[in-house]
Amino acid sequence: MIQDSQHSFMKGKCHLTNLVAFYNRVTPSVDTGRATDVIYLDFYEVFDMVTHNFLLSKSEKHTFDRWTIQWTRNWLDAYIQKVVVDDSTSGWRSVIRGVPQRSILGPVQFSIFITDIDSGIKYTFSKCADDTKMSGVADTPEGWNAIQRDLDKVKKWVCVNLTRFNNAKCKVLHLIQPWYQQRLGEEQIEGSPTEQH
């Protein structure tokens, strides 16, 4: 159920396997002199942005049995919080977003939530927790447009799933000569002179 592009929270996969798999896909284009863009996408507090209803809906689509879904719903519903400022205290409220990051299930739930982000993506796509990167050959107008279509699909996924990018940290690394400026929605992605992790 979790895409091969996910390299964290998976047995036998880690940041190193992410890097090796990604660059094994990118290197042949660069070695033949083709302009290639690597786009680094940074989510804004994505673990805290996971909407519980969306997570449960995606779990149902992956054919978890109803007992597992109900147990997950009960587990998520148990999270409550209140706010204390000086001598004032709010009432207890249910937490409807976010996956617990210090639990065993939090990373699994996050992986289920994000697994479909690369559905329909044409070019190389790789996820390592919330660090996401994609790459494609950008030496023709068709290549530029295909990369932009993939970015538009990712941006649409972000909007539909009520998360957002940290645009200040999203960068593009132009391998060989840059030909085209990529965008996330209406904002251009700033160039990066070096690889990011």
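This passage describes helix α3, the surroundings of valine 154 and the largest cavity in a predicted model.

Helix α3 spans residues 52-61, and its buried residues are His52, Leu55, Leu56, Lys58 and Ser59. Viewed down the axis of α3, these buried residues fall within an arc of 160 degrees, so they line one face of the helix. In general, an α-helix has 3.6 residues a turn, so that residues three or four places apart point the same way. The opposite face of α3, turned away from the buried side, carries the exposed residues Asn53 and Lys61, while the cover over the buried residues includes α4 (66-77), α5 (105-114) and α6. Just after α3, threonine 63 adopts a positive phi of about 60 degrees.

Helix α6, which takes part in covering the buried residues of α3, comprises residues 141-160 and contains valine 154. Valine 154 is buried, its relative accessible area being 0%. When residues up to four places away in sequence are not counted, valine 154 is in contact with Leu41, Ile117, Ile121, Phe125 and Phe165. Of these contacts, leucine 41 is separated from valine 154 by 113 residues in sequence, although the C-alpha atoms of the two residues are 9.6 Å apart in space.

The structure holds one cavity of 30 Å³ or more, and the largest cavity encloses about 30 Å³ of space. Its lining is formed by Asn167, Cys170, Leu184, Glu187, Gln188, Ile189 and Glu190, a set that divides into three nonpolar, two polar and two charged residues.

Terms used: Residues are numbered from 1 along each chain as its sequence is written. This is a predicted model: local features need pLDDT of at least 70, side-chain atom pairs count only at pLDDT 80 or more; totals for chains, interfaces and linings use all residues. Side-chain values use heavy atoms; hydrogens and water are left out. Helices (H or I, at least four residues) and strands (E, at least two) are DSSP runs, numbered from the N terminus. Buried means under 20% relative accessible area, exposed over 50%, partly exposed in between (1.4 Å probe, protein chains only). Contact means heavy atoms within 4.5 Å. On a 1 Å grid over the protein atoms alone, a cavity is a set of points where a 1.4 Å probe fits but cannot get out, and a pocket is an open set with protein on both sides within 12 Å along at least five of seven lines; lining residues have an atom within 4 Å of a point. Grid points are joined across faces, edges and corners, and a volume is the space filled by probe spheres set on the points. Ala, Val, Leu, Ile, Met, Phe, Trp, Tyr, Cys and Pro count as nonpolar, Asp, Glu, Lys and Arg as charged, and the others, Gly among them, as polar. The arc is that of the directions from the helix axis to the C-beta atoms.
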